[in-house]
Amino acid sequence: MKDLLATLASVVCVAGLSAGLSLHAQSEPKPTPVSAEQRIQWFRRDKFGMFIHWGPYSLLAGEWKGHRIPVGTEAEWIMERYNIPVAEYREMARHLNPVKFNADEWVSLAKAAGMKYLVITAKHHDGFAMYHSQVTQYNIVDWTPFKRDPLKELSEACRKQGLRFCVYYSHREDWADPDGYGNTWDYDRTKKNLDRYLERKSKPQLRELLTNYGPLGLVWFDRGIDTQQQAEDFIKIVRTLQPRCLINGRVANYAQELMGDYQDMGDNGMPPGGLDEAWETPQTLNTTWGYSKFDQEWKTPGVVIHRLVEIVGKGGNYLLNVGPLADGAMPEPAVATLQKVGAWMQENGESIYGTSVSPLPEYPWGRTTVKGSKIYLHVFSWPADAVLRVSGLKNEVKAAYPLLHPSQKLPVSRDNGVVLVSVPARSPDENDTVVVMEIAGQPIVDPPLVVQDTDSPFYLDYLTAVTAGKAVQRFNGEADYYISKWSGPDDSITWHLLVSQVGNYRLRIRYAARNEWRQAKYLVTVGPQSLTGVVTPTGENFQYQAFELGTIKFSKAGQYLVRIQPAASYDHNLMYFRSLELYPVH
Ligand code: FHN
């Protein structure tokens with residue numbers, strides 16, 4: 001889809017800038033330089049991780065004094081939901097005693113499922129540390145009869161079994177601390193001072209985690225933070241203490257440009273199409289993150305496999321959550337599902353690990369993943385006529401065969417450009433049978449063709465855009481999907497339009513732009529016509545506004561190219577682009 005190196009190099013710049021600007025924590029030792037490309041490599045390859053939400057809320061299991069957390073909502077939010085006084089919650093937490101906890105078994109389960117990294121809540125929003133913290137006694141070792149440090153045990157088990165150990169850390173939200181964000185039922189909102197909290201608890205705990213648990217694959221921050229400076233401070237701590245450790249996109253305010261190493265979708269989110277840069281989606285196995293005894297809405301192995309394939313085909317990672325019981329046991333349905341997913345991964349892992357975003361469209365029979373010159377056809381619903389139709393692919397197909405039976409060559413033909421692969425009458429795998437197509441070279445596909453709606457305007461956004469140069473499609477919480485990081489004429493976005501209604505069209509562009517980007521010029525080319533726009537600032541972050549650009553004419557029906565690109569080279573981003581809309585003038 002685009003030049004990976006260019007993308008990653010620009011991430012290095014952001015990280016370098018962040019570290020340089022930080023005013024705090026000046027006593028940290030100097031970071032060892034590691035490129036963003038080196039850092040992200042394993043993440044792009046490994047694709048599948050286990051998320052674990054575990055804490056005192058697991059003991060309540062979705063119930064407090066007869067109130068039940070409704071299925072479909074988050075059991076780990078029980079303290080906030082019922083405004084449990086911090087004093088009572090702290091007493092409840094004293095009973096946490098996970099005698100059945102066995103780090104090796106948890107890690108074996110993740111490994112058997114085909115997961116390559118494990119992210120556990122070191123501290124969730126309730127403020128309780130699930131590791132031995134020196135910052136506060138409110139931690140599993142000092143506060144409970146358990147006395148053991150599960151994170152230490154898990155980090156060692158991960159190392160032994162070859163998984164990457166990673167921690168979730170709620171850096172801003174903390175309901176146990178008078179200055180932490182969120183608890184306004186015990187603590188007066190007007191007396192809170194977030195910076196005081198960050199210095200007193202959050203940053204020192206982060207330093208502990210980065211110091212005492214060996215190399216971390218990543219730190220998973222959550223729910224953002226107020227200012228860019230605060231985010232930069234957290235990034236600097238991680239970069240300094242563990243330069244190879246990744247940082248997820250939720251480290252910063254969701255309403256400002258993405259920071260960290262990769263973007264996270266919203267909870268259980270799925271992008272409508274592929275994304276150029278590394279991304280991940282955290283998803284639940286039932287409907288809650290922390291354990292709830294009421295929630296039995298478990299996803300089937302088939303659903304998990306289909307999601308994994310779809311995510312990976314769109315270039316992302318699947319971080320699948322389990323909420324263990326307070327006694328340390330894993331919920332049985334979760335174990336059963338993960339084992340079945342693992343059996344599938346054991347045989348079909350080649351079609352998942354190390355793949356990149358697939359440029360092919362979604363098909364009625366399933367999805368595709370891509371590795372070099374191999375296209376993996378993941379067949380979710382077996383075609384009744386035993387023919388897989390693969391449209392949009394230009395390359396010669398050299399061979400096709402079931403992944404599990406490479407010697408069983410499948411007949412391939414072409415009809416009007418559509419590749420036809422003849423498959424056996426029955427599906428060998430009820431969830432996903434993988435058929436490999438070996439092609440000549442890297443896949444070359446038709447770009448998406450944007451057609452007119454019945455009321456005839458065109459809406460052009462990231463989804464159908466073809467990016468070139470440094471322009472990237474990104475996702476960030478409140479900002480949703482946008483194009484960023486374009487600063488020169490070679491950085492462009494292009495759409496292929498099929499015009500059926502001729503006549504004049506009014507062009508409207510929707511974007512957000514910071515003050516410093518004012519007066520930058522850009523070109524909008526529609527077939528042989530072009531218009532020049534000048535960037536108008538819209539505010540500090542993602543305050544999108546629409547601007548009229550002028551009128552163009554389609555005098556003949558047919559295909560047109562529409563392109564937007566900076567008119568000159570700038571030392572800054574052109575804009576956060578959202579959409580270009582073309583309205584017929586009647
Ligand atoms: O509030 C949390 C929630 O409890 C859970 O940890 C999820 C996981 O992505 N993150 C937050 C909501 O986005």
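A strand here is a DSSP run of type E with at least two residues, and strands are numbered from the N terminus. The exercises below concern a predicted model.

**Exercise 1.** Determine which strand holds Ser413, and whether this residue is buried, partly exposed or exposed.

*Solution.* Begin with the position in the chain: Ser413 belongs to strand β15, which covers residues 412–415. Next, take the relative accessible area of Ser413, which is 39%. Buried means under 20% and exposed means over 50%, with partly exposed in between, so Ser413 at 39% counts as partly exposed. Finally, look at its surroundings: once neighbours within four places in sequence are left aside, Ser413 is in contact with Val418, Val419 and Leu420. Arg389 is 24 residues away from Ser413 along the chain, and the C-alpha atoms of the two are separated by 9.9 Å.

**Exercise 2.** Explain why strand β14 is described as largely enclosed, and find the strand to which it is joined by five bridges.

*Solution.* Strand β14 spans residues 397–402, and five of its six residues are buried, so the rest of the structure largely encloses it. The bridges then lead to strand β17, residues 433–439, which is joined to β14 by five of them, the two strands running antiparallel. Within this pairing, Ala400 stands opposite Met437 of β17.

**Exercise 3.** Trace the order of the open sheet of eight strands, and identify the strands at its edges.

*Solution.* Reading across the sheet, the order is β7-β6-β5-β4-β1-β10-β9-β8, and the pairing is parallel. At the edges stand β7 (246–247) and β8 (263–264), each of which has a single partner strand, so one side of each is left without a neighbour in the sheet. For one pair in detail, take β5 (residues 164–169) and β6 (residues 218–221), which pair in the parallel sense over three bridges; here Tyr169 has Phe221 in β6 as its bridge partner. To finish, add the helix α9, residues 194–212, which lies across β4 (117–123), β5 and β6 and runs at about 170° to β5.

**Exercise 4.** Describe the second largest cavity by its volume and by the character of its lining.

*Solution.* A search of the whole structure finds three cavities of 30 Å³ or more, and the second largest has a volume of about 60 Å³. Its lining includes Leu285, Trp289, Tyr291, Trp298, Val322 and Pro331, and also Asn286, Thr288, Gly290, Ser292, Asn321 and Gly323. Sorted by character, the lining residues are six nonpolar and six polar, with no charged residue.

Key. Residues numbered from 1 in each chain as written. Predicted model: local features only at pLDDT ≥ 70, side-chain atom pairs only at ≥ 80, totals over all residues. Heavy atoms only, no water. Buried < 20%, exposed > 50% of the residue type's maximum accessible area, 1.4 Å probe, protein only. Helix = DSSP H or I, 4+ residues; strand = E, 2+ residues; numbered from the N terminus. Pairing = 2+ DSSP bridges. Contact = heavy atoms within 4.5 Å. Axes fitted to C-alpha atoms, helices over the stretch in contact; angles between N-to-C directions. 1 Å grid on protein atoms, 1.4 Å probe; cavity = no way out; pocket = protein on both sides within 12 Å on 5 of 7 lines; lining within 4 Å. Points joined across faces, edges and corners; volume = space filled by probe spheres on them. Nonpolar A, V, L, I, M, F, W, Y, C, P; charged D, E, K, R; others polar.
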